[in-house]
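Trainee: I am new to this structure and would be grateful for a guided introduction. May we begin once the sequence and the model are in view?

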Amino acid sequence: MLGSSILVALTAAAGAIASPLDLITRSTPAGTGTNNGFFYSFWTDGAGSVTYNNGAAGSYDVTWSNVGNFVAGKGWNPGAARVVTYNGTWNGASVNSYLSVYGWTKNPLIEYYVVESFGTYNPSSGASKLGSIQSDGGTYDIYRTQRVNQPSIEGTSTFYQFWSVRQQKRVGGSVTMQNHFDAWAASGLKLGTHNYQILATEGYQSSGSAKITVEQS
């Protein structure tokens, strides 16, 4: 911590003594909002430690340690059948973590994932495969799962999750969301009115880090 004499010297020109906290770069608190023209969402169950920082344009970085569960990232509100392009680094391949285009709809309440890469646990494990699609240079398997009395954008609720899980894992590229929406619909999976849509990093009972930049093609 800086000594009081240094604090005085740093703030003398302003005629007041600053709090030491004023000299520390603060991380973004949990919640939702806008930053540099993009929507962001940062949710955590409060277990372990997660530090999320919004950067320039569509960039963000996140570091987590011994977490329970968190989801964080940047994108848009509302979501749409856009082409999502992203790049960066994701140090989650050897732990329980996902990198995905992630979003919600209402009426019906749906949580959806287009998983670009996952670590030690495949999020579709235990789910019945409904089909697969070819998109953006890879093959994605389609699944539906259900969450019962779990956190959602409408509070504690029961809702379905729609999944497209890429077989050829990658960190960087373009995701044509229209292809996934069409494939889900063909499998009987109906989305509602779009809420937010982000390029998300998620961690569950793990430690890791990521630095991602997202944009719309």
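Trainee: Where is P108 found?

Mentor: This is a predicted model in which local features need pLDDT of at least 70 and side-chain atom pairs count only at pLDDT 80 or more, while totals for chains, interfaces and linings use all residues. Residues are numbered from 1 along each chain as its sequence is written, and side-chain values use heavy atoms, with hydrogens and water left out. Helices (H or I, at least four residues) and strands (E, at least two) are DSSP runs, numbered from the N terminus. On that basis, P108 is placed in the loop between β7 and β8.

Trainee: Which residue is joined to P108 by a cis peptide bond?

Mentor: Most peptide bonds are trans, and most residues other than glycine have a negative phi. The cis bond that leads to P108 has an omega of about 5°. The partner is not a glycine, yet has a positive phi of about 50°. That partner is N107.

Trainee: Is N107 buried or exposed?

Mentor: N107 has its place in the loop between β7 and β8. Buried means under 20% relative accessible area, exposed over 50%, and partly exposed in between (1.4 Å probe, protein chains only). N107 has 70% relative accessibility and therefore counts as exposed.

Trainee: In which loop is Q205 found?

Mentor: Q205 is a residue other than glycine with a positive phi, near 45°. Its relative accessible area is 59%, so Q205 is exposed. Its position is in the loop between β13 and β14 (208–216).

Trainee: What is the omega of the cis peptide bond from N77 to P78?

Mentor: P78 lies in the loop between β5 and β6. For the cis bond that runs from N77 to P78, omega is near 15°.

Trainee: How many helices and strands does the protein have?

Mentor: The protein has 217 residues, and 48% of them are buried. Its secondary structure comes to two helices and 14 strands.

Trainee: What is the strand order of the open sheet of five strands?

Mentor: Strands of a sheet pair through backbone hydrogen bonds, either parallel or antiparallel. Two strands count as paired if DSSP finds at least two bridges between them. The pairing in this open sheet is antiparallel, and the order is β3-β4-β14-β6-β12.

Trainee: Which are its edge strands?

Mentor: An edge strand of this sheet pairs on one side only. The edge strands are β3 (49–54) and β12 (173–176).

Trainee: Which residue in β4 stands opposite N54?

Mentor: β3 and strand β4 (residues 59–65) run antiparallel and are joined by six bridges. Opposite N54 in β4 stands Y60.

Trainee: How many residues of strand β13 are buried?

Mentor: Strand β13 (residues 193–204) has antiparallel partners. Strand β5 (residues 69–76) is joined to β13 by eight bridges, with F70 opposite G203. Strand β7 (residues 97–106) pairs with β13 over nine bridges, and Y98 has E202 as its bridge partner. β13 is mostly covered: of its twelve residues, the number buried is nine.

Trainee: How many residues does the largest nonpolar core have, and which helix gives the largest share?

Mentor: A nonpolar core is a set of buried Ala, Val, Leu, Ile, Met, Phe, Trp, Tyr and Cys residues joined through side-chain atoms within 4.5 Å. In the largest one, the residues with the most contacts inside it are V62, V84, M177, W184 and L199. The core has 35 residues, and the largest share, four residues, comes from helix α2 (residues 177–186).

Trainee: Which residues make the salt bridge with N and O atoms 2.4 Å apart?

Mentor: A salt bridge is a side-chain nitrogen of Lys or Arg within 4 Å of a carboxyl oxygen of Asp or Glu, and the whole structure holds two. One member of this pair lies in strand β8 (residues 110–118) and the other in the loop between β11 (157–166) and β12, so the pair ties together parts that are 54 residues apart in sequence. Both residues are buried. They are E116 and R170.

Trainee: Which residue forms a salt bridge with D141?

Mentor: The closest N and O atoms of this pair are 3.2 Å apart. D141 lies in strand β10 (residues 138–150) and its partner in strand β9 (residues 129–135), so the pair ties together parts that are twelve residues apart in sequence. D141 has 10% relative accessibility and therefore counts as buried. The partner of D141 is K129.
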